[in-house]
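Student: Could you take me through one part of this model up close? I'd like to see how the pieces of the second domain sit against each other.

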Amino acid sequence: MSVTASAPGKVILFGEHAVVYGEPAIAGAIDRRIYVSVERRSDGEVRISSSDEIEDGYPYVKRAAELTFDYLGERCGLDIKVESEFPPASGLGSSAAVSVSTVLAISTLLGREVERKDVARLGHMVEKKVQGAASITDSSVTTFGGVLFIKPKLEVVEAIDAGNIPLVVGYTGKTGSTKELVEGVRTLREADPEIVDSIIHSIGRIAVRAKGVLERGGDIGGLMNINHGLLESLGVGTEELSRYVYAARKAGASGAKITGAGGGGCMVAYAPENQRAVAKAIEDEGGLPFIVSIEKEGARIETG
Ligand code: PMV
């Protein structure tokens, strides 16, 4: 018997980097998924394969399998296959999605039900073990889906009832190292805590304000633009990302910003009226655009 689980990717709409210093953030699941299929092997080994080029995810899959076995107090040999609808290591949350899907697929194969909050917790543990550090943002969003308001100090998340949010993601095709970018912000803050802390605090205030706007079904574009400027001031922007951001705005997006750690990776535009024109503008600048919308459903079992 084979079991397939899937989990969505994510975009951070507000608050990346500031969330590391305890400020709130807003992230949403996107309608592109990672799929993990598991089947028993009789020789007790765990083998991982993929039809895509997503070897980057293998350490997460391996660690997720180990932690799930430990959590359940039971283990077995496995063939694990991974497939993805979005690029890995692009800041779209592939690590968390692959970790959470693996936890869900293995526990289901073993006939065990794991509560959602524990699936999210195990996914977060995997990310921390593999990366050294990670906030609860990605593992929460990929597990629960929808749009979440992240309160890092309390380690809790709150669902935001936001309706549809028409977005266009622009991928640079390059990977920014989240670890190095987070360290860069730390260095900047150490050099001038007064100024950098006020930027970080302002990003947090934007996230709080944006929550209210989303709940009213309002336009978050203006707040995204301010958030982008503040991320630039923290030194995580690149010329390429800014080009896509300006091109998206010119093509009619009401707001656009870096999403995730920056230094490459992706930007995101809010384009209620003209997603296609915005996607084309990003493509004309050399980016890889994805028209996405918010995915309400988090991790789920597909078959089995
Ligand atoms: O690289 P991503 O998309 O997972 O974004 C990282 C977000 C940071 O706030 C920079 C780091 C974190 O752990 O929250």
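Tutor: H5 and H6 are oblique to each other, because their axes cross at roughly 130 degrees, and an angle has to be over 145 to count as roughly antiparallel. Keep in mind that this is a predicted model. H5 covers residues 178-191 and H6 covers residues 193-215, and their axes come within 6 Å. On the H5 side, the contact uses Leu188, Arg189, Glu190 and Ala191, which meet Pro193, Val196, Asp197 and Ile200 in H6. Sort the residues of that contact by character and you get 5 nonpolar, no polar and 3 charged.

Now go further along the chain to another helix pair, H7 (residues 221-233) and H8 (residues 239-250). Here the axes come within 12 Å and cross at roughly 165 degrees, so H7 and H8 are roughly antiparallel to each other. Their crossing is left-handed. H7 brings Asn225, His228 and Glu232 to the contact, while H8 brings Ser242, Val245 and Arg249. The tally for this one is 1 nonpolar, 3 polar and 2 charged.

Next, the sheet. It's an open one, made of 4 strands in the order S8-S9-S7-S10, with antiparallel pairing. S8 (255-259) and S10 (288-292) are the edge strands; each has a single partner, so one side of each has no neighbour in the sheet. Direction ignored, neighbouring strands are turned by 25 degrees against each other on average.

Zoom in on one edge: S8 runs antiparallel to S9 (residues 266-270), and 5 bridges join the two. If you want a residue pair to look for there, try Ile258, whose bridge partner in S9 is Met267.

There's a helix to place against this sheet too. H9 (residues 275-284) lies across S7 (167-171), S9 and S10, and runs at about 160 degrees to S10.

Finally, zoom out. The chain is divided into domain 1 (2-163) and domain 2 (167-292). Taken over C-alpha atoms, the centres of domain 1 and domain 2 are separated by 23 Å. As for how they touch, 29 residues of domain 1 are in contact with 39 residues of domain 2.

How values were computed. Residues are numbered from 1 along each chain as its sequence is written. This is a predicted model: local features need pLDDT of at least 70, side-chain atom pairs count only at pLDDT 80 or more; totals for chains, interfaces and linings use all residues. Side-chain values use heavy atoms; hydrogens and water are left out. Axes are lines fitted to C-alpha atoms, for helices over the stretch in contact, and angles run from 0 to 180 degrees between N-to-C directions. Angles under 35 degrees count as roughly parallel, over 145 as roughly antiparallel, 65 to 115 as roughly perpendicular and the rest as oblique. A crossing is left-handed if the near helix is turned anticlockwise from the far one by less than a right angle, and right-handed if clockwise. Contact means heavy atoms within 4.5 Å. Ala, Val, Leu, Ile, Met, Phe, Trp, Tyr, Cys and Pro count as nonpolar, Asp, Glu, Lys and Arg as charged, and the others, Gly among them, as polar. Two strands pair if DSSP finds at least two bridges between them. Domain bounds come from an automatic or database domain assignment.
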